[in-house]
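Here are my notes on this model, written for a colleague who will open it alongside. Please read them with the coordinates on screen.

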Amino acid sequence: MNKLLFSIFVLFLSAYQARSQDIGLIQRSLAQSPILKNHFFGFSLYDVEEHQFLMGLNEDKYFTPASNAKIFTLFTALKNIGDSIPALQYIEKGDSLLFWGTGDPTFLHPKLDAGTVYNFLKATDKKLFYVGGIPTEEPFYRLGWAMEDYEEYYQPEITPFPIYGNVVTFGRIRNRLTVFPVHFQFCVATDETIAEPDHFRIHRKFAENIFLINNARIPNNYVNQKPFKYSDELFIQLLQDTLQKQVELIQYPKPTEVNTLYSVTTRDVLREMMLVSDNFLAEQLMMVAAMNRYGEFHTARLRKDMEAAHYAFFTDKIDLYDGSGLSPYNKVTARSLVELLLIIAQEIPEANALHYLFAAGGLEGTLKTTYRLDSGVPFVWAKTGTLKGVHCQSGYIRTRSGRNLAFSFLHNNFVGSAKPVRKEVARIMTFIWEYF
């Protein structure tokens, strides 16, 4: 063996031994963790530049991903929705304007609405007709959702034409309860039988929009959101109150050719969904994607078609039932989530544009207080997911040495708060950033 070949061999061997030692440090950190030994977890780590898995532990085992399912929704939206969200579809017939919902979640949304739909409907001099009552396979809840959570802010109903985020917002001004939209202020009643007289409570009846409150003092800076029970008739009432003009509800077959009005930039809605883990946005984006693809709301079909076209090439099969991760029926592996992150990175090759769609550790979203910064700069961009006994985190990490890695760290079946698990994930990922 000549000297050049020998030198190359020595360098390769040294790099291999160093890499093996690095992997050993990570494996030891996982094995010695007092937090991780008490529950089931899966871990997968991939080197993006070298195109290889570096290590995995239970990476082929199935987990409930919680809101890590939104990463699949992100990819579905990227493949099926253009640069802007289609806000409504419409046709003009004589002096009438007929319009249909597209599932767009941004109409009169407190953070995302750009006023496009409102201005369009307000400005027209034509009579307005909303086409409702269209048969659809879409239930207002997905399979596995907890019915007892019907009045929790994170579980609004899924609808063809959302309005105000499909929630009622309650607040306090001068010790008085404020209600928005104001339509619902006439739906509030006092119920002295509500428990906890020392704590202010709002309770919505399951099948109707009656909100019961107790007599306790409303806290300072009080803000609470309750999903409302949706119907086409309620939508019309809210829309008329907002536009201050007549809107009629009709049934009418949708023509093959319709006009489409677009609202806001798709990536901004995706960012909001990902950073704050918004279930409402996730489910409605699946509705929009299905409407864009098929001309109808068929989200179950969309999930199957996405699996056949993209996820069938994954090492492990996936099983999804919703777009938000609220369903405990969802099952994925850490390895499949890493493979998903890789195809998203191919879809968005520019690093800043990719990282824009994930919470930056130490800066924003669900990771704002989880990681420290490196001289003011984040090194983790990821999506979290938490349910009872579930905490997951998947995303990208740029190590101190400059390596770009994709990872998925899934945790199921622990007892108690997710806080210790969340902190342990951050500790181990910070260890990888610092020493790998």
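The points below cover a strand and its partners, then salt bridges, then backbone geometry.

1. Status of the model. This is a predicted model. Every contact and angle below should be read as belonging to a prediction.

2. Strand E17. This strand spans residues 380–387 and is mostly covered. Of its 8 residues, 6 are buried. As a general point, side chains in a regular strand alternate between the two faces of the sheet.

3. Partners of E17. Strand E16 (residues 359–360) runs antiparallel to E17, joined by 2 bridges. Here Ala360 stands opposite Trp381 of E17. Strand E18 (residues 390–398) is also antiparallel to E17, and 8 bridges join the pair. One register check: Val380 has Ile397 in E18 as its bridge partner.

4. The hairpin turn. What lies between E17 and E18? The two strands form a hairpin with 2 residues between them. Gly389 sits in this turn and has a positive phi of about 75°.

5. Salt-bridge count. The total comes to 16 salt bridges. Points 6 to 9 take up some of them.

6. Asp47 and Arg403. Their closest N and O atoms are 2.6 Å apart, and the two form a salt bridge. The pair links distant parts of the chain, 356 residues apart. Asp47 belongs to strand E1 (residues 40–47), while Arg403 is in the loop between E18 and strand E19 (404–412). Are these two residues buried or exposed? Both Asp47 and Arg403 are buried.

7. Asp305 and Arg301. This salt bridge has an N to O distance of 3.8 Å. Both residues are in helix H7 (residues 299–309); because they are 4 residues apart there, about one helical turn separates them. Asp305 is partly exposed, at 26% relative accessible area. Arg301 is likewise partly exposed, at 43%.

8. Asp316 and Arg335. The closest N and O atoms of this salt bridge are 2.8 Å apart. Asp316 lies in the loop between H7 and strand E15 (332–333) and Arg335 in helix H8 (residues 334–347), so the salt bridge ties together parts that are 19 residues apart in sequence. Why is Asp316 classed as buried? Its relative accessible area is 9%, and the cut-off for buried is under 20%. Arg335 is buried too, with a relative accessible area of 17%.

9. A salt-bridge network. Glu138, Arg142 and Glu283 are joined into one network by salt bridges that share partners.

10. A cis peptide. Most peptide bonds are trans. The bond from Phe180 to Pro181 is cis, with omega near 0°. Pro181 is in the loop between strand E8 (176–180) and strand E9 (188–190).

11. Positive phi outside glycine. Most residues other than glycine have a negative phi. Which residues depart from that here? His51 is one of them, with phi near 55°. It is found in the loop between E1 and strand E2 (52–57). Asn413 also has a positive phi, near 65°. The loop between E19 and helix H10 (419–435) holds Asn413.

12. Exposure of those two residues. His51 counts as exposed because its relative accessibility is 62%, and exposed means over 50%. Asn413 counts as exposed at 61%.

How values were computed. Residues numbered from 1 in each chain as written. Predicted model: local features only at pLDDT ≥ 70, side-chain atom pairs only at ≥ 80, totals over all residues. Heavy atoms only, no water. Buried < 20%, exposed > 50% of the residue type's maximum accessible area, 1.4 Å probe, protein only. Pairing = 2+ DSSP bridges. Salt bridge = Lys/Arg side-chain N within 4 Å of Asp/Glu carboxyl O.
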